[in-house]
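Thank you all for coming; I would like to walk through one chain, going from a single loop residue to the pairing of strands and the interior. Please have the structure open while I talk.

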Amino acid sequence: MNQRTSLSIIVVIGALLFSSHGHAELPQKQISSNTNQTISFNGIPLGKAGVISALQKMCMKKKFNAMRERCTFTDNTSVILLDYEILGNAIATLTLGSDKALTKVVIDGSTQEMLALAEALEKKYGKPLKKSVIIKKEIGTQLDEKTFALKESKEAQLDKEIFVWIDDQGSRIIVESIYSDYNMGGVAIESSPAAVQNSAAKEVNKPAK
């Protein structure tokens, strides 16, 4: 399996993990703006029709996309290679609405990349909503010669950082340092309607226990 194929598999898995987080449990009106400017994706507005030409121009900058005819954006979901802030040659999943407006972008990356991206976004948009959570992992334990069981282990716990930026239009950026496994996280850039579906913002605003 070559590197390009591996990256494509990773981004699809990451997109599924991101999409599994949200079930529209957090109304938009519960969160106020915390950015100093409107959120866009590489200068392309979110949630507005008429951006196909801008998306194609961005897409065509990467020869990898052009050679594989990935810049048509005829489907509602496209996977392309692009740059975003400090992330270079990142594989991203772009989702378009029925009016061909850009509604969501998901990019995978290492934990180190996501933490560095959060720093860069803070310089650009201001301080994010932030929360640290612990992901409890289970490890196999042998109970006897024939029986194994999964038990939570403090040694296997993961510290997860979530960063959320929200603009006055309701668009959001959510950076997660990890999904649910080691050293792999991601960022989602969402228009206002798509943002309601992501429960990472719900986690940030959940009262601490």
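Let me begin with isoleucine 86, which is partly exposed because its relative accessible area is 46%, where buried means under 20%, exposed over 50% and partly exposed in between, with a 1.4 Å probe and protein chains only. Before I go further, this is a predicted model, in which local features need pLDDT of at least 70 and side-chain atom pairs count only at pLDDT 80 or more, while totals for chains, interfaces and linings use all residues. Residues are numbered from 1 along each chain as its sequence is written, and side-chain values use heavy atoms, with hydrogens and water left out.

Isoleucine 86 sits in the loop between strand 3 and strand 4; helices (H or I, at least four residues) and strands (E, at least two) are DSSP runs, numbered from the N terminus. What is isoleucine 86 in contact with, once its neighbours within four places in sequence are left aside? The partners are Glu113, Ala116, Leu117 and Ala120, contact meaning heavy atoms within 4.5 Å. For isoleucine 86 and alanine 120, which are 34 residues apart along the chain, the C-alpha atoms are separated by 7.3 Å.

That brings us to helix 4, residues 111–125, whose 15 residues reach 21 Å from the first C-alpha to the last, close to the 21 Å expected at 1.5 Å a residue, the expected span being 1.5 Å times one less than the number of residues. The buried residues of helix 4 are Thr111, Met114, Leu117, Ala118, Ala120, Leu121 and Tyr125, and just after this helix glycine 126 takes a positive phi of about 100°.

Returning to the loop, strand 3 (residues 77–84) and strand 4 (residues 87–96) pair in the antiparallel sense over 7 bridges, where two strands pair if DSSP finds at least two bridges between them. Serine 78 stands opposite leucine 94 of strand 4. The two strands form a hairpin with 2 residues between them, and in that turn glutamate 85 has a positive phi of about 50°.

Now to strand 10: how many of its residues are buried? The count is 5 of 5, with Arg172, Ile174 and Glu176 pointing one way and Ile173 and Val175 the other. In a regular strand the side chains alternate between the two faces of the sheet. Strand 10 pairs with strand 9 in the antiparallel sense over 5 bridges, and within that pairing isoleucine 166 has arginine 172 as its bridge partner. The hairpin of strand 9 and strand 10 has 5 residues between the strands, and glycine 170 there takes a positive phi near 95°. Strand 10 is also joined to strand 11 by 5 bridges, again running antiparallel, with glutamate 176 opposite glycine 186.

Turning to the interior, the largest nonpolar core has 32 residues, of which Phe41, Tyr84, Leu94, Leu102, Ile107, Ile173 and Val175 touch the most other members; such a core is a set of buried Ala, Val, Leu, Ile, Met, Phe, Trp, Tyr and Cys residues joined through side-chain atoms within 4.5 Å. Among the elements that each supply at least two residues of this core are helix 2, helix 4, strand 3, strand 4 and strand 10. Apart from it lies another core, of 5 residues, including Val133, Ile162, Val164 and Ile166.

My next stop is the disulfide, a pair of cysteine sulfur atoms within 2.5 Å. Cysteine 59 and cysteine 71 form one, with their sulfur atoms 2.0 Å apart, and the link is left-handed, with -80° about the S-S bond. Since cysteine 59 lies in helix 2 (residues 52–60) and cysteine 71 in the loop between helix 3 and strand 3, the pair ties together parts that are 12 residues apart in sequence. Cysteine 59 counts as buried because its relative accessibility is 0%, and cysteine 71 is buried as well, at 8%.

Both cysteines are in contact with asparagine 65, whose partners beyond four places in sequence are Cys59, Arg70, Cys71, Ile80 and Leu81. Asparagine 65 is found in helix 3, residues 63–67, and counts as buried at 0% relative accessibility.

To close with the whole chain, there are 6 helices and 11 strands, and 45% of the 209 residues count as buried.
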